[in-house]
Amino acid sequence: NDLVGVPRTRSRVSPSSARLPDARSTTMPSGLPGLVVTVDDPTAESSYGGLGGHATYRVLTKHPDLGETTVRHRYSEFRSLRKSLLEACPGVLLPLIPEKKILANSSMLLHDADFLARRAAELAEFLSQVTSHQLCMASAELSNFLRWPQPLVLLVQEHAAAQELPPLERADGVDGADPLASSEGDLVAERDDLEAARIVLQRLASRQKDSATDTLLFGKLCQELSSHGHVAGLRAPLRSAADGTGAVAAALQAQAEANAVSELLLRLGRFARLAGSALEQVALRRKLAERATSTAKRLADVSAKEGRETKDSKRDRLGEEARRLSILLQELRDAHAAFTRTLLWELGRFRAAKEDGLYCALRSFSAANEAHSQRVAAAWAATAAGVAGAGGGVGGGGGPGEERE
């Protein structure tokens with residue numbers, strides 16, 4: 001039921017009419033029930049003459065009552081969408097999209113199926129988060145990108161308008177104090193610590209994999225040693241060690257593989273990226289404040305000149321400019337208040353979700369590693385018992401340079 005090309009209206013939910021849940025909520029905003037957006041089928045498309053080229057991805061929207069709509073987009077168009085949403089949704093923590101890969105021979109990536117599949121999954125996660133966010137889902141930029149039909153656009157707008165924002169009075173704090181004064185430093189520390197924890201956990205999984213590989217290699221060497229001459233009494237213990245360390249290596253490998261794709265690892269990366277998105281919004285808010293400050297200074301200068309001017313014609317022109325600047329200044333202050341309100345809510349939601357998400361992931365990670373460690377310990381215990389049982393009378397003597405027990 002291809003609905004591409006159905007005309008749409010350019011409308012969005014204004015911050016004043018949208019309502020969002022309290023920042024203490026630990027759940028992420030829910031999208032329109034039944035709405036699913038997927039990204040798949042990466043396809044390489046060569047440029048004219050066969051040199052260079054790009055990949056396109058199929059973006060599929062499904063709704064149980066309104067059917068499907070399909071469109072293909074290249075990576076650069078996803079980047080353009082995010083840039084447009086930054087302007088359309090001030091204060092919203094937009095998820096990051098994967099960085100552009102630059103290679104001397106970029107056509108290599110067009111034939112790298114694993115790379116294209118990973119990128120499709122990352123772009124799908126981006127769209128999933130955007131289409132479930134109350135302040136983004138109803139934007140004309142998003143519906144145009146996804147080629148949504150008008151009935152779906154209206155349904156999404158109705159759903160988004162039913163949400164709730166905190167009061168605008170919260171926007172600029174009390175007595176002129178900036179409620180986000182310390183946010184930049186806090187976010188830098190959060191982002192860096194989350195990313196550092198992700199890297200260390202990734203390294204731990206890698207070392208566990210190396211440990212599994214070395215344990216398996218040790219078992220193979222025990223098997224080789226058992227085939228040597230003059231080890232008649234040691235042959236059985238060596239073979240038992242070889243068999244046992246194979247089970248140990250399998251348990252270590254299972255632990256490494258589980259940790260490499262653990263929910264904790266994924267969430268550390270996701271929240272680190274969201275902290276980066278928050279820093280992006282803090283910087284944009286600062287630019288808006290600087291523009292308001294510059295406009296206020298300009299207004300003061302023009303008003304002062306107007307008061308000193310003696311010629312009616314020049315005074316009238318300065319008065320008109322002062323009125324224009326006054327209107328602009330009020331618009332900038334209103335925009336800054338709305339930006340601050342949204343960003344305050346987003347930061348509260350981000351930190352509540354981070355606490356809840358990391359707590360759940362830490363519990364699962366700890367429990368899983370406890371279970372894996374028990375299996376590793378059990379495998380070593382079985383190995384030790386097997387070696388002891390196969391030893392027979394070995395060990396009573398002592399070779400050159402060895403102490404007797």
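1. Let's start with leucine 284, a residue worth a click in your viewer. Leucine 284 is partly exposed in this predicted model, since its relative accessible area is 29% and the partly exposed class runs between 20% and 50%. The residue sits in helix α8. Leaving out residues up to four places away in sequence, leucine 284 touches Leu86 and Phe339. A further pairing to look at is with glycine 91: the two C-alpha atoms are 8.4 Å apart in space, although the two positions lie 193 residues apart in sequence numbering.

2. Now for the overall layout. The protein has nine helices and three strands. Reading from the N terminus, the order of elements is β-β-β-α-α-α-α-α-α-α-α-α. The chain has 405 residues, and 39% of them are buried. If we take contacts between residues at least 6 apart in sequence, 75% join residues at least 24 apart.

3. Next, the largest nonpolar core. As general background, nonpolar side chains in soluble globular proteins tend to be buried together. Here, the largest such core holds 38 residues. The members that touch the most other members are Val39, Val59, Phe78, Leu127, Leu146 and Trp148. Two or more residues come from each of β1 (36-45), β2 (54-63), α1 (75-88), α3 (113-131), α4 (140-146) and α5 (150-161). Which element gives the largest share of this core? That is α3, with eight residues.

4. Valine 39 makes a good entry point to that core. Setting aside neighbours within four places in sequence, valine 39 is in contact with Tyr57, Arg58, Val59, Phe78, Ala120, Leu123, Ala124 and Leu127. Besides the core that holds valine 39, there is a second, separate core of 33 residues. Its members include Leu194, Leu264, Leu274 and Leu329.

5. On to helix packing, beginning with α1 and α3. In general, two packed helices are described by the angle between their axes and the distance between the axes. For α1 and α3, the angle is about 25° and the axes are 12 Å apart. The two helices are therefore roughly parallel, as that label applies to angles under 35 degrees. Their crossing is left-handed. On the α1 side, the residues that meet α3 are Tyr75, Phe78, Leu81, Arg82 and Leu85. Their counterparts in α3 are Arg119, Leu123, Phe126, Leu127 and Val130. By class, this contact has eight nonpolar residues, no polar ones and two charged ones. Phe78 and Leu127 appear in this helix contact and also among the well-connected core members named above.

6. The pair α6 and α8 is another one to inspect. Helix α6 covers residues 183-226 and helix α8 covers residues 263-308. Their axes come within 8 Å and cross at roughly 155°. Are the two helices roughly parallel or roughly antiparallel? They are roughly antiparallel, because angles over 145 degrees are given that label. The passage of α6 past α8 is a left-handed crossing. Residues on the α6 side include Leu187, Val188, Arg191, Leu194 and Leu201, while those on the α8 side include Leu264, Leu268, Phe271, Ala275 and Val282. Counted by class, this contact has 14 nonpolar, four polar and five charged residues. Leu194 and Leu264 take part in this contact, and both belong to the second core.

7. Alanine 256 deserves a stop too. Alanine 256 lies in helix α7 (residues 235-260). It is buried, as its relative accessible area is 3%, which falls under the 20% limit for that class. Not counting neighbours within four places in sequence, alanine 256 is in contact with Ala205, Gln208 and Lys209. Its C-alpha atom is separated by 8.1 Å from that of leucine 204, a residue 52 places away along the chain.

8. Finally, two backbone angles to check. Most residues other than glycine have a negative phi. Aspartate 41 has a positive phi, near 50°. This residue is found in strand β1 and is partly exposed, with a relative accessible area of 39%. Arginine 147 has a positive phi as well, near 55°. Arginine 147 lies in the loop between α4 and α5, and with a relative accessible area of 30% this arginine is partly exposed.

Methods: Residues are numbered from 1 along each chain as its sequence is written. This is a predicted model: local features need pLDDT of at least 70, side-chain atom pairs count only at pLDDT 80 or more; totals for chains, interfaces and linings use all residues. Side-chain values use heavy atoms; hydrogens and water are left out. A nonpolar core is a set of buried Ala, Val, Leu, Ile, Met, Phe, Trp, Tyr and Cys residues joined through side-chain atoms within 4.5 Å. Buried means under 20% relative accessible area, exposed over 50%, partly exposed in between (1.4 Å probe, protein chains only). Helices (H or I, at least four residues) and strands (E, at least two) are DSSP runs, numbered from the N terminus. Contact means heavy atoms within 4.5 Å. Axes are lines fitted to C-alpha atoms, for helices over the stretch in contact, and angles run from 0 to 180 degrees between N-to-C directions. Angles under 35 degrees count as roughly parallel, over 145 as roughly antiparallel, 65 to 115 as roughly perpendicular and the rest as oblique. A crossing is left-handed if the near helix is turned anticlockwise from the far one by less than a right angle, and right-handed if clockwise. Ala, Val, Leu, Ile, Met, Phe, Trp, Tyr, Cys and Pro count as nonpolar, Asp, Glu, Lys and Arg as charged, and the others, Gly among them, as polar.
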